[in-house]
There are 2 protein chains.
Amino acid sequence: MITLTEENYIKTIYQLGKYGTLTVSTNNIAEAIAAKASSVTDMIKKLADKGYVDYKRYQGATLTSKGKKIAADVVRKHRLWEVFLVEKLNFSWDEVHDIAEQLEHIKSDKLINELDKLLDYPTHDPHGDPIPDKRGEIKKSNKVLLFTLTEKAKGVCVGVKDTSSAFLKYLDKHKIALGSEIRVVSREDYDDSMVIEIKGKPITISQAVASNLFVIEE
Amino acid sequence: MITLTEENYIKTIYQLGKYGTLTVSTNNIAEAIAAKASSVTDMIKKLADKGYVDYKRYQGATLTSKGKKIAADVVRKHRLWEVFLVEKLNFSWDEVHDIAEQLEHIKSDKLINELDKLLDYPTHDPHGDPIPDKRGEIKKSNKVLLFTLTEKAKGVCVGVKDTSSAFLKYLDKHKIALGSEIRVVSREDYDDSMVIEIKGKPITISQAVASNLFVIEE
DNA sequence: AAATAAATTTAGACTAATCTAAAAATAGAT
DNA sequence: ATCTATTTTTAGATTAGTCTAAATTTATTT
């Protein structure tokens, strides 16, 4: 059995270490988890005993494949719940993190599979971060800022960089939402504004907007 | 701050004591929570210190109004989540308890209000038990077995007594679901079967079925 | 009303997760 | 290469929740 606290440490090591590929230092974990380094050392030892991390004294921790599976699972749940909150419960993109932090620990395979289905198998959360699949794999995402797209390019809106409510309101007003298809109609060199098409409708957006919207190019 | 464990004790006392109206004994709580009586004594003392229960040595515990509010809130969340699982995630009525047991501890007022709205403000969970409102009040329910309705009476299906998958499949097949409007067309004295109407369609059901379906008479 | 049974509480110990303070190891600078 | 600063670990203590075993109170029976 794995405890909630262990799950949180494993998730943290996963995220600090670029999806489990890098070794993470004790202090780094301590800061992320808001605990003292001594507590982290204790926990790393326990995780090593249980086979979730590789650990040598003074050398930081690296997730084992077993640890990575656990972490990917928690992150998958976290991000699916975030999509749920935004898509089904009218949350805005910056309100969801703390609640997803709680929901990510609910244990039920069926629950998460059905949630995935209800949301129509999303690949990214509202911040534009990729959602690991059932096997824990992350599709290498080509998420970019809308700003970087060339004329005639198409993309799907997957997230925001600026999560201020002013920006979110702006998006709402112009019917730009998670999953919206966006086509770049033209770019204006003078002020870096661009004309984009959403659901057949062209609108002009400023550089400020284009550089705060994440899209996946198609 | 209230811990998860404290919440579980308070909920248990609420349910064993008929929505917080009766005093509950240490042993009763111990059995319900699968802990030893000595652990329960310790916890009751703590809950008394914090003002959630009234307690006199050897005399069991009674919820204070503060305790009742906490309990009603947890039960409200539990039952709303159960409705969500059945209505939105294709769970059957007997699979939801354990997951709701986890979900009931998620803390977010907005979450639960939005969930309530998404589900269209249900008054009963899939087992036919009433859902406390935001203020913790429970509408005194006139939930009865379909079996007890007289000819021409109408009701809304609110739950099942038998939660076997065989029965649930039977209901599915005959399009009897949570919230279905049911009208009693006629009763047959000989074998206690009855003809009922669901969405304009008459079907004949046996006494076995009628005595396992809860309805609220209108 | 005394004796016995059942329920409840106390006392003391254990585990998980945390902390502080001191010791040890590593890394960086001269 | 040595000294110093930083990082990490160890040692010992603390809190929440639990347990067992023994003691106490209440309830029941004769």
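Helices (H or I, at least four residues) and strands (E, at least two) are DSSP runs, numbered from the N terminus. Keep that in mind as you open this predicted model, where local features need pLDDT of at least 70, side-chain atom pairs count only at pLDDT 80 or more, and totals for chains, interfaces and linings use all residues. Residues are numbered from 1 along each chain as its sequence is written, while chains are lettered from A and ligands numbered from 1 in the order in which they are written.

**Stop 1: DNA strand C**

Select DNA strand C and the residues near it (C-beta atom, placed from the backbone, within 6 Å). Which helix gives the most to this surface? It is α3(A), with five residues. Now colour α1 (4-16) and α3 (37-49) of chain A, then α2 (26-33) and α3 (37-49) of chain B: each supplies at least two residues. Of the 20 residues around the strand, A:T3, A:S38, B:S25, B:N27 and B:S38 come nearest. By type, the surface has five nonpolar, ten polar and five charged residues. Here Ala, Val, Leu, Ile, Met, Phe, Trp, Tyr, Cys and Pro count as nonpolar, Asp, Glu, Lys and Arg as charged, and the others, Gly among them, as polar.

**Stop 2: where the chains meet**

Next, show both chains. In contact (C-beta atoms, placed from the backbone, within 7 Å) are 13 residues of chain B and 13 residues of chain A. On the chain B side, α5 (97-103) and α6 (109-118) give two or more residues each, and α6(B) gives the most, with four. That side divides into seven nonpolar, three polar and three charged residues.

**Stop 3: the sheet of chain A**

Hide chain B and find the open sheet of six strands, in the order β3-β8-β4-β5-β6-β7 with antiparallel pairing; strands pair if DSSP finds at least two bridges between them. β3 (143-145) and β7 (201-205) stand at the edges with a single partner strand each, so one side of each is left without a neighbour in the sheet.

Zoom in on β4 (residues 154-160), which five bridges join to the antiparallel β8 (residues 213-217). Look for A:V156 with its partner A:I216, and A:C157 with A:V215. Three bridges link β4(A) to β5 (residues 181-187), where A:G155 partners A:I182.

**Stop 4: B:V215**

Finally, bring chain B back and select B:V215. Leaving aside neighbours within four places in sequence, B:V215 is in contact with B:V144, B:L146, B:L149, B:G155, B:V156, B:C157, B:V158 and B:I182.

Terms used:
Two residues are in contact if their C-beta atoms, placed from the backbone, lie within 7 Å.
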